[in-house]
Amino acid sequence: AALVARDAELCAFDPSPAMVELARTNARASGVARFDARVGFGEDPPFPAAGEAPFDLVISSGVISFSGDFERFLDGLVRAVAPRGTLVIGDLNNRSTGMAKRRANRPLLPLRELNAPTSDDVRRAIERRGFRVRAEAGYQLTSPFPELGHWSARRLGGLLDGLLVAWNARSAGPGRPARFDSWVLAFERA
């Protein structure tokens with residue numbers, strides 16, 4: 001996002017100090033001039049701190065399923081969004097064909113795969129907080145896409161990676177959510 005909007009300030013947080021430092025290193029290496037990273041959790045985000053303005057755009061990708069307190073996590077995200085700002089949330093689609101296949105074939109699964117809220121759960125919860133959905137889509141095609149990607153990387157040295165990524169990107173969008181292992185919703189604050 002910061003590479004697309006070169007003049008924007010990028011702020012990020014993570015519970016892991018090592019990941020925060022890695023983000024700082026990656027931002028510098030990528031030429032992101034205005035970057036601030038802090039240690040924190042989604043349930044009590046370190047942004048915006050007292051005296052700091054909320055953000056025009058807040059992105060949460062692939063982390064809501066790690067939260068032990070779904071409602072507090074959403075409260076933290078909402079608190080960071082400015083009036084008329086945009087909130088983008090994406091995560092696992094635990095009801096996809098691929099996730100159902102994983103549950104059938106693996107005796108142990110990460111807890112986040114079992115606890116991931118559905119996009120409908122998130123939509124209703126964010127709408128109750130005064131936002132409206134602006135866009136929604138599925139992404140990351142489900143089975144056999146991940147298997148083919150793994151096979152390409154392991155057996156062919158990544159030879160098919162570009163083709164698989166293009167196939168996935170072309171397929172992403174609304175409709176038939178069971179086709180996708182992940183979902184994304186974009187909200188606008190009233």
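Strand S3 is the element that gives the most to the lining of the largest pocket, contributing seven residues, and I should say at once that what we are looking at is a predicted model. The other elements that give two or more residues to that lining are strand S1, residues 10-14, and helix H2. In total the largest pocket is lined by 36 residues, and those that lie nearest its centre are Cys 11, Ala 12, Phe 13, Val 58 and Ile 59. As for the character of that lining, 24 of its residues are nonpolar, seven are polar and five are charged, while the space inside the pocket comes to about 1,100 Å³.

Let me now turn to the sheet, and to where S3 sits in it. Four strands form an open sheet, which in order reads S3-S4-S6-S5, with mixed pairing. Strand S3, residues 55-61, and strand S5, residues 131-141, are the edge strands, each of them pairing on one side only. From one strand to the next, the twist averages 10 degrees. Between S3 and strand S4, which covers residues 81-92, there are six bridges, and these two strands run parallel; if you would like a place to look, Ser 61 stands opposite Gly 90 in S4.

That leaves the helices against the sheet. Helix H2, residues 70-79, which we met at the pocket, lies across S3, S4, S5 and strand S6, residues 180-189, and runs at about 140 degrees to S4. Helix H7, residues 161-171, also packs on the sheet, where it touches S5 and S6, and its direction makes about 150 degrees with that of S5.

Technical notes:
Residues numbered from 1 in each chain as written. Predicted model: local features only at pLDDT ≥ 70, side-chain atom pairs only at ≥ 80, totals over all residues. Heavy atoms only, no water. Pairing = 2+ DSSP bridges. Axes fitted to C-alpha atoms, helices over the stretch in contact; angles between N-to-C directions. Contact = heavy atoms within 4.5 Å. 1 Å grid on protein atoms, 1.4 Å probe; cavity = no way out; pocket = protein on both sides within 12 Å on 5 of 7 lines; lining within 4 Å. Points joined across faces, edges and corners; volume = space filled by probe spheres on them. Nonpolar A, V, L, I, M, F, W, Y, C, P; charged D, E, K, R; others polar.
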